[in-house]
Amino acid sequence: MITASRESVAYREYEERFVPAPTQKSSLHAVPDKRRRRKTGVRPGLVACIGLVIAAAAYILFCHMQLTDLTAEISAQSKTLDELTAESVSLANKQKHSLNMDEVEAYAVNQLGMVKMDNSQIEYVELVNPDQVTVADSGVSLDALLGGLARSFSAVVEYIR
């Protein structure tokens, strides 16, 4: 097996070919480029993205504000509904207790001066012919109604053609 060392032929040839020659300091130097550099402004795409993010944030904030307002309104309306429901129950209970027939009769007799009817004031009417009720046929049935609709629809289709 061959090993590479500094005494090998390949190493010496490499040094002869590729070792840089000693450089002399020259009086030449690089002149800076005097062209004006273009100022890098803000990219329009970046401005659009930032504007879009700000608009989305503002819209979300606005929606949350509306949600808060509506939640407060719902809460107030629920409170009002609870109060009105309690008042309704109270009034229904009061009405139930105020329509006692004994109290109505006492009010009619004492306040309005009404008296109960006695049996001598009752008259019974007897009819010779019993009452009869006759229902007149109006002639409007579901079949007649559907037939009329079909005729009307046909007339409209004929007019359109």
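**Exercise 1. Fold outline**

Read along the sequence, the chain runs α-α-α-α. The model is predicted. State how many helices and strands the protein chain has.

*Solution.*
- Step 1: count the elements. The protein chain has 4 helices and 0 strands.
- Step 2: check the order. The pattern α-α-α-α agrees with this reading.

**Exercise 2. Confidence**

Find which element has the lowest mean pLDDT and which the highest.

*Solution.*
- Step 1: take the chain as a whole. Its mean pLDDT is 82, and 84% of its residues reach 70 or more.
- Step 2: go element by element. Helix H1, residues 9–18, has the lowest mean pLDDT, at 73.
- Step 3: take the other end of the range. H2 has the highest, at 93.

**Exercise 3. Surface and burial**

Work out what share of the residues of the protein chain counts as buried. Then describe its accessible surface.

*Solution.*
- Step 1: apply the cut-off. Buried means under 20% relative accessible area. Of 161 residues, 1% count as buried.
- Step 2: take the area. The accessible surface comes to about 17100 Å².
- Step 3: split it by atom type. Carbon and sulfur atoms hold 60% of that surface.

**Exercise 4. A nonpolar patch**

Identify the residues that form a nonpolar patch on the surface. Decide whether Ile54 is buried or exposed.

*Solution.*
- Step 1: list the members. They are Val42, Leu46, Val47, Ile50 and Ile54.
- Step 2: give their joint area. Together they offer about 480 Å² of accessible area.
- Step 3: place one member. Ile54 sits in helix H2, which spans residues 44–98.
- Step 4: classify this residue. Ile54 has a relative accessible area of 54%, so it is exposed.

**Exercise 5. The salt bridge**

Count the salt bridges in the structure. Say which side chains meet, and what parts the pair ties together.

*Solution.*
- Step 1: count. The structure holds 1 salt bridge.
- Step 2: name the partners. The side chains of Glu105 and Lys116 meet at 3.3 Å, N to O.
- Step 3: locate both. Glu105 lies in helix H3 (residues 101–110), and Lys116 in the loop between H3 and helix H4 (142–160), so the pair ties together parts 11 residues apart in sequence.
- Step 4: check exposure. Glu105 is partly exposed at 38% relative accessible area. Lys116 is exposed at 64%.

**Exercise 6. Cysteines**

Search the whole structure for disulfides. Classify Cys49 and Cys63 by accessibility.

*Solution.*
- Step 1: search. The result is 0 disulfides.
- Step 2: take Cys49. Its relative accessible area is 49%, so Cys49 is partly exposed.
- Step 3: take Cys63. At 28%, Cys63 also counts as partly exposed.

Key:
Residues numbered from 1 in each chain as written. Predicted model: local features only at pLDDT ≥ 70, side-chain atom pairs only at ≥ 80, totals over all residues. Heavy atoms only, no water. Patch = residues over 30% accessible without salt bridge, like charges linked within 9 Å, V, L, I, M, F, W, Y side chains within 5 Å. Areas by Shrake-Rupley, 256 points an atom, 1.4 Å probe, with all protein chains shown as cover. Salt bridge = Lys/Arg side-chain N within 4 Å of Asp/Glu carboxyl O. Helix = DSSP H or I, 4+ residues; strand = E, 2+ residues; numbered from the N terminus. Buried < 20%, exposed > 50% of the residue type's maximum accessible area, 1.4 Å probe, protein only. Disulfide = S-S within 2.5 Å. pLDDT = per-residue confidence, 0-100.
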